[in-house]
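Visitor: I would be grateful for a close look at the nonpolar interior of this protein. Please describe how it is built, and then turn to the open space in the structure.

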Amino acid sequence: MDVKKEFEEKYMRQEMLKREFDAYVKERDELDKTLQEIVMTESSIDEIISSGNGSNILTNIGSGTFVKTSLKDDKELLVSIGSGVVIKCTPSESKKILSERIEKLRKADFEYMNKINSIAAEMNKIQKELDELSMSVQM
C-alpha cells in the first residue's frame, strides 16, 4: 500500500475514534450529573428523616430554585421507577432504590472509563504511526 493511502486511512480511523471518544466523554458527563443528582436526593431524604412532620424545609422545584414548604408526611415518599411509574415508599426504601441506582451508575461509569481509556490508547498508537508515516514522506 502506498504511504499516502496508508496515511489517509489511519487519519480517517483517528478521526472516527475522536468522535467516538468525544461521545463517550459526553455520555460519561451526563452519567456524572445524574449520579450527583441522586446523591443530592439521598441527602434530601436524610433531611426529611431528621426533620420530622410539621418541619419547614426548602424544596427544590428545579433549576436551583427552592420554595419553603411544611413537611406533612415524613413516612411516605413517591419515587419514580421509570416509564412514568411512581411508587409509594418509606424514606429508607427510597434510599435503597437510590443506592441501587448509584451502584448501576458507578458500574456504567467504570465501563465508560475503560472504553475511553481503550480508545485513547488506540488513538495514541495511531498518532505515533501517523507521525512515523509523516516523517518517512518528508525524508
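Guide: The model shown here is predicted. Its largest nonpolar core consists of 12 residues, namely L31, L35, I38, I45, I48, I57, L71, L77, L98, I102, L105 and Y112. Two helices, α1 (residues 3–51) and α2 (residues 91–138), each contribute at least two residues to this core. The largest share is that of α1, which provides 5 residues.

One core member, I38, may serve as a point of entry. When its neighbours within four places in sequence are set aside, I38 is in contact with L98, R101, I102 and L105. Of these partners, L98, I102 and L105 are themselves listed in the largest core. A second core, separate from the one just described, has 5 residues, among them L17, M123, I126 and L130.

The open space may be considered next. The largest pocket encloses about 740 Å³. Its lining is made up of 23 residues, and those closest to the pocket centre are M40, T41, S44, I45 and N60. I45 is thus a member of the lining and also of the largest nonpolar core. Two or more lining residues come from each of α1, β1 (56–62), β2 (65–70), β3 (77–82) and α2. Helix α1 gives the largest share of the lining, with 9 residues, just as α1 gives the largest share of the largest core. By residue class, the pocket lining comprises 12 nonpolar, 8 polar and 3 charged residues.

How values were computed:
Residues numbered from 1 in each chain as written. Predicted model: local features only at pLDDT ≥ 70, side-chain atom pairs only at ≥ 80, totals over all residues. Heavy atoms only, no water. Core = buried A, V, L, I, M, F, W, Y, C linked by side-chain atoms within 4.5 Å. Buried < 20%, exposed > 50% of the residue type's maximum accessible area, 1.4 Å probe, protein only. Helix = DSSP H or I, 4+ residues; strand = E, 2+ residues; numbered from the N terminus. Contact = heavy atoms within 4.5 Å. 1 Å grid on protein atoms, 1.4 Å probe; cavity = no way out; pocket = protein on both sides within 12 Å on 5 of 7 lines; lining within 4 Å. Points joined across faces, edges and corners; volume = space filled by probe spheres on them. Nonpolar A, V, L, I, M, F, W, Y, C, P; charged D, E, K, R; others polar.
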